[in-house]
Amino acid sequence: FLVCYAHPVGGYAYGAIECDGHDHHNLTKRQAKHDRERDRYFQGRGVAILRYTGSEIWAAPLKCASDALKILKDLARQDTAKRWK
């Protein structure tokens with residue numbers, strides 16, 4: 001899913017949160033190629049790709065959420081971050 005974090009100083013950052021379940025780890029070459037192409041598409045448009053396994057999410061959902069929030073917050077703080085007009 002897509003998340004936009006707006007930092008109080010005016011910058012913002014987008015992140016695509018990927019929640020990969022057990023079945024995802026048994027990707028075919030075609031599926032893996034499609035995933036990488038999609039990742040590059042979003043990254044080329046300034047969207048950070050944040051992947052979490054189902055095991056990570058089940059074991060520590062708040063840690064996954066806070067890690068993703070920290071990454072987006074750090075990106076939004078950078079001088080190169082997109083700004084609201």
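Select C19 to start: in this predicted model, C19 is partly exposed, with a relative accessible area of 47%. Keep C19 on screen and add C64. At 11% relative accessibility, C64 is buried.

Now put a distance label between the two sulfurs. How far is the sulfur of C19 from the closest cysteine sulfur? That closest sulfur sits in C64, 8.3 Å away. Turn it around and C64 has its closest cysteine sulfur in C19, again at 8.3 Å. A disulfide needs the sulfur atoms within 2.5 Å, so this pair is too far apart for a bond. The disulfide count for the structure is zero.

Next, pick residues 11-20, which make up strand β2, and bring in residues 2-6, strand β1. The two strands run antiparallel and are joined by five bridges. For one concrete contact, click Y5: its bridge partner in β2 is A13.

Then zoom to the link between these strands. β1 and β2 form a hairpin, with four residues between them. Check the backbone at G10 in the turn, where phi is positive, about 115 degrees.

Last stop: residues 47-53, strand β3. Which way does β3 pair with β2, parallel or antiparallel? The pairing is parallel, and it takes in seven bridges. To see one of the matches, show I17 together with L50, its bridge partner in β3. Colour β3 by accessibility and you'll find the strand mostly covered, with five of its seven residues buried.

Note on methods. Residues numbered from 1 in each chain as written. Predicted model: local features only at pLDDT ≥ 70, side-chain atom pairs only at ≥ 80, totals over all residues. Heavy atoms only, no water. Pairing = 2+ DSSP bridges. Buried < 20%, exposed > 50% of the residue type's maximum accessible area, 1.4 Å probe, protein only.
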